[in-house]
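These are my notebook entries on a single chain, written while I went through its contacts one group at a time. I began with strand pairing and then moved on to charged pairs, helix packing and one loop.

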Amino acid sequence: MPSTLRRSRRRELTLTRSFTNAICDKIHPDHRFLAEIRDHRLLLTGFPNVRSRSQIDSMCNAGSPPALISRPPMVFSLHRNPNHIIPSHPIHRLPLELLIHVFVLGSFDDAMFPVLVSHVCHPWRTIALQTHTLWRRIVLTQHSDLTMWQERLRRARSCTLDVVLASHPSSSMPHDIDVVALQMHMVAPHLARTRSIDVHLDEYTPYLWNITLGPLCSTCYHWGVSPGSRDPNYTSSKLAPRLESLSLRYPRNDDTKEFTLFDGLSPCLSRLTVEGVRLTWLPGLFGSLKCLDYTHHGFTSGRAMVDEILSMLQVSYQLRELRLCFASKMMEAEILCVGGRPAVEEVVTLPFLETLSLRVKGTDVKVPTELVSIISRMSLPMLKKLNLCDSLLAIHSPWNHDTVQFAGLPTFFDIVYQQARQSPMTDISVEGRWVDVPLLVGFGRSFPSLRTIKINGTTRVVWFNDEMLVPTTCV
């Protein structure tokens, strides 16, 4: 049966111009390239040895091809204007590296910025698609479109990733654990090339923390094997070998069990923020930390809390910056720990610590006894900056000098001096209930290297004379 799609007459073979140009490109690519320059007066900015249009014209008139590659680079295709009558926009004359740097900086502030610049014009879209680092930031909220983020993961190719899982800023709706499970299932196969992870959840949902941290603890998510089975070629260092920064914040968490992340090994992890979660503090995971921002979860108190924090500091002895925050949330039920904490030495030495920040959340009338106990068992030989922060300062005016002071401040400052008396202290910052001017004057006189004191946001430069500490307002 004859086909109904058969042509009524056969088309004659003609030699089209596009076919002729394609043959010329294969035979004489350089001649074709020079002819295109002469005809359309293209603006070349991508070649290192072609600096002006006059030099291009001289090469074309001489008939000698430039000592370059036969095909124009990506910059040439981006900056050429097919209509030589319409001038090119001046922004296309910017160096490609500078334009890429601007795009990457914009992606830090707005996760949708790469999509925005890729829809401006064809040259910018080509640049955006070829810049893999522009797509490395993955931000997941309650309303995220997983199809779009999967495409962005594909565009990032093999570069490292920055993963953010947070509550939407304009939504008070709690997270759905099924949606979070799908989001973490999408991210889990890419943990091996993840550079940073930031998890910040505000609203409470039962079992939300367990669903979120499950892929960060179990190896079956990474390798795609069934639970209970192990890959014979698996090694723990393959789970998160390139992770540098980790932030886990869930203030309303009520899950009291400890989580062992990445099978206890992350060799490149240097920055950690923890709030509302209990972690198993292992040397292979947190032994190389340089910056620690720790808010106590509140599941323990008293001696158990002091031993827990000191054992953490004993493992992370390479810290350069330490921030400790004590909240007023305490659990009434007893917390049962499996195994128990390692023995803590009488004094924990932090030989590299330069910045110590202490913050108290709540309406306590005195310095927490646990904080005093922790400071009394720390040795700080290299401490340079001491920051005493107050969460109530955001409620009251920083210029209100009638704020009620903490009880027991003399004892606290005496303990700090005993533990850091040999340190080169240069800067002190005090806020809210920590402020006691006479005590600060006496405390500052104990450190000859002290340069500035900051009280409730006002910085003062200080120096010593034979009688007293003289403050002068910093200009």
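Entry 1, strand pairing. I looked first at Ser247, which stands opposite Thr273 in strand 6. I keep in mind throughout that this is a predicted model. The pairing of strand 4 with strand 6 runs in the parallel sense and extends over 5 bridges. I then turned to strand 3, which pairs with strand 4 in the parallel sense, also over 5 bridges. For a residue-level view of that second pairing I looked up Ile197, and its bridge partner in strand 4 is Leu246.

Entry 2, salt bridges. How many salt bridges does the count come to? I noted 14 salt bridges, and I followed some of them individually.

I took Arg252 and Glu203, which form a salt bridge with their closest N and O atoms 3.6 Å apart. Arg252 lies in the loop between strand 4 (245-249) and strand 5 (258-259), while Glu203 lies in the loop between strand 3 (194-200) and helix 10 (208-217), so this pair ties together parts that are 49 residues apart in sequence. As for exposure, Arg252 has a relative accessible area of 49% and is partly exposed; with the cut-off for exposed set at over 50%, I record that value with care. Glu203 is likewise listed as partly exposed, with a relative accessible area of 24%.

I went next to Lys361 and Glu275, a salt bridge in which the closest N and O atoms are 3.5 Å apart. This pair links distant parts of the chain, 86 residues apart, with Lys361 in the loop between strand 11 (355-360) and helix 14 (369-376) and Glu275 in strand 6 (residues 271-275). Is Glu275 buried or exposed? I found that Glu275 is buried, because its relative accessible area is 16% and the cut-off for buried is under 20%. Its partner Lys361 counts as partly exposed, at 29% relative accessibility.

I also looked at a pair within a helix, where Asp307 forms a salt bridge with Arg303 and the closest N and O atoms are 3.2 Å apart. Both residues belong to helix 13 (residues 302-315), and because they are 4 residues apart there, about one helical turn separates them. Asp307 counts as partly exposed at 21% relative accessibility, whereas Arg303 counts as exposed at 60%. I further noted that salt bridges sharing partners join Glu151, Arg154 and Arg155 into one network.

Entry 3, helix packing. I looked up how helix 15 (residues 409-420) sits against helix 16 (residues 437-445), and the two pack at an angle of about 15°, with their axes 11 Å apart. That angle makes helix 15 roughly parallel to helix 16, and the crossing is right-handed. Which residues meet there? On the side of helix 15 I listed Leu409, Pro410, Phe413, Val416 and Tyr417, and these meet Leu439, Leu440 and Phe443 in helix 16.

Entry 4, a loop proline. I finished with Pro381, which lies in the loop between strand 12 (378-379) and strand 13 (385-390) and is partly exposed, with a relative accessible area of 31%. Its C-alpha atom is separated by 5.8 Å from that of Ala420, although the two residues are 39 residues apart along the chain. Leaving aside neighbours within four places in sequence, I found Pro381 in contact with Thr349, Leu350 and Pro351, and also with Gln422, Ser423 and Pro424.

Key: Residues numbered from 1 in each chain as written. Predicted model: local features only at pLDDT ≥ 70, side-chain atom pairs only at ≥ 80, totals over all residues. Heavy atoms only, no water. Salt bridge = Lys/Arg side-chain N within 4 Å of Asp/Glu carboxyl O. Buried < 20%, exposed > 50% of the residue type's maximum accessible area, 1.4 Å probe, protein only. Pairing = 2+ DSSP bridges. Axes fitted to C-alpha atoms, helices over the stretch in contact; angles between N-to-C directions. Parallel < 35°, antiparallel > 145°, perpendicular 65-115°, else oblique. Left-handed = near helix turned anticlockwise from the far one by under 90°. Contact = heavy atoms within 4.5 Å.
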